[in-house]
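Reader: I would like a close look at a single part of this model, with enough of its surroundings for me to place it. Please go through it slowly, and tell me where the model should be read with care.

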Amino acid sequence: MTVPSEELQPAVPYGTPDAPRIAVRGEARLEVDPEIARIGVTVASRGKDRRAALDDLTRRNAAVLDLIKTYGDAVERLETGAFSISPELKDKGRGERVHAYHGRVHITAVLTDFTALGELTTRLADLDLTRVDGPWWALRPDSPAHREARQQAVREAVQRAREYAEALGTSLAALVELADIGAENAPPPYPQAPGGRMRSMAYGAAEDAAAAPLDLEPQRQHVQAQVNARFTMTPPRL
């Protein structure tokens, strides 16, 4: 069977004189306040034997968890991560003689109340053998800011295409294609951006009066969206 040569021709990817096309890109860049902040807490212990180190770590870990839980709804998520108990060998002497045991457990807390965040980080950092890292500011994956950026990018693409058509003395006829080209080049859910990190350590804190809460300024979040759009327009008179 012979296929007509015209049927072998690929579809024309561009417009025709009767239906010229316009291809544009729409972009949007928003700067919004963060919705959540994450902090990492590392609780440490040290003992002459494994059991002493483990018991001490268990006690310190429970104290940290209890403290975080007192903030109620301000804490959106609380998770325990890596846990370890490791021996410290003596530098001198024959054989593998253990000098002490070190324990560590990592905790992650996500907060939505940034006033409580400043107070909590200070209280945690004031605990013995406790290290605090963060905060890492972020938006939720389903944040309305992402939707607004995408919609704004589409509106910008339509406006740009309309301006091109008006420059030719004609108007848009129909939308042919709208392609999401990786709309959000947003940072990871919990970015570690320069200047957005606070580190506090309290290894052997003194028994002083409670430290004043940290005054933390939330780091503004940048949301981006990009789309490619193709339209047909009414043939212009050139």
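Author: Helices and strands are here runs assigned by DSSP, at least four residues for a helix and at least two for a strand, numbered from the N terminus. Counted in that way, the chain holds four helices and eight strands, and from the N terminus on these elements follow one another as α-β-β-α-β-β-α-β-α-β-β-β. The model is a predicted one, with a mean pLDDT of 84 for the chain and with 79% of its residues at 70 or more. Of the 238 residues, 34% count as buried, and among contacts between residues at least 6 apart in sequence, 84% join residues at least 24 apart.

The part I have chosen is the open sheet of three strands, whose order is β1-β8-β6 and whose pairing is antiparallel. Strands β1 (21–32) and β6 (172–180) stand at the edges, and each has a single partner strand, so one side of each is left without a neighbour in the sheet. From one strand to the next, the twist averages 30°.

The two pairings can be followed residue by residue. On one side, β1 and β8 run antiparallel and are joined by twelve bridges; here Val32 stands opposite Gln221 of β8. On the other side, seven bridges join β6 to β8 (residues 221–233), again in antiparallel fashion. Within that pairing, Leu172 has Met233 of β8 as its bridge partner, while Glu177 stands opposite Arg230 of β8.

Helix α4 (residues 144–167) packs on this sheet and touches β1, β6 and β8, with a direction that makes about 145° with that of β1. The helix has 24 residues and reaches 35 Å from its first C-alpha to its last, close to the 34 Å expected at 1.5 Å a residue. Its buried residues are Ala145, His146, Ala149, Ala153, Ala157, Ala161 and Ala165, and these pack against β1, β6 and β8. Just after α4 comes Gly169, with a positive phi of about 75°. Among the elements of the chain, α4 also has the highest mean pLDDT, 96.

Away from the sheet, another helix and the segment that follows it give some context. Helix α3 (114–125) is capped at its N-terminal end by Asp113, a side-chain oxygen of which lies 3.0 Å from the backbone nitrogen of Thr115. The twelve residues of α3 should span 16 Å at 1.5 Å a residue, and the end C-alpha atoms are indeed 16 Å apart. This helix is mostly covered, with nine of its twelve residues buried, including Phe114, Leu117, Leu120 and Leu124.

The loop between α3 and β5 contains Leu129, and strand β5 (residues 130–138) contains Pro135. Two backbone features here deserve attention, since most residues other than glycine have a negative phi, and most peptide bonds are trans. Leu129 has a phi near 50°, a positive value in a residue other than glycine, and the peptide bond from Gly134 to Pro135 is cis, with omega near -5°. Leu129 has a relative accessibility of 22% and therefore counts as partly exposed, the limit for buried being under 20%.

Leu129 is also one of the contacts of Arg60, which, leaving aside neighbours within four places in sequence, touches Val43, Ala44, Asp128 and Leu129. Arg60 belongs to helix α2 (residues 50–69) and is buried, with a relative accessible area of 16%. Its side chain makes a polar contact of 2.9 Å with the side chain of Asp56.

As for where to read with care, strand β7 (residues 198–202) has the lowest mean pLDDT among the elements, 44. Over residues 189–207 the pLDDT is below 50, although this stretch has 58 contacts in the model beyond near neighbours in sequence. Residues 5–11 also stay under 50, and for them the model has one contact beyond four places in sequence.

Methods
Residues numbered from 1 in each chain as written. Predicted model: local features only at pLDDT ≥ 70, side-chain atom pairs only at ≥ 80, totals over all residues. Heavy atoms only, no water. Pairing = 2+ DSSP bridges. Axes fitted to C-alpha atoms, helices over the stretch in contact; angles between N-to-C directions. Contact = heavy atoms within 4.5 Å. Buried < 20%, exposed > 50% of the residue type's maximum accessible area, 1.4 Å probe, protein only. pLDDT = per-residue confidence, 0-100. Expected span 1.5 Å × (residues − 1). Polar contact = N/O pair within 3.5 Å; in protein donor to acceptor, adjacent residues only side chain to side chain.
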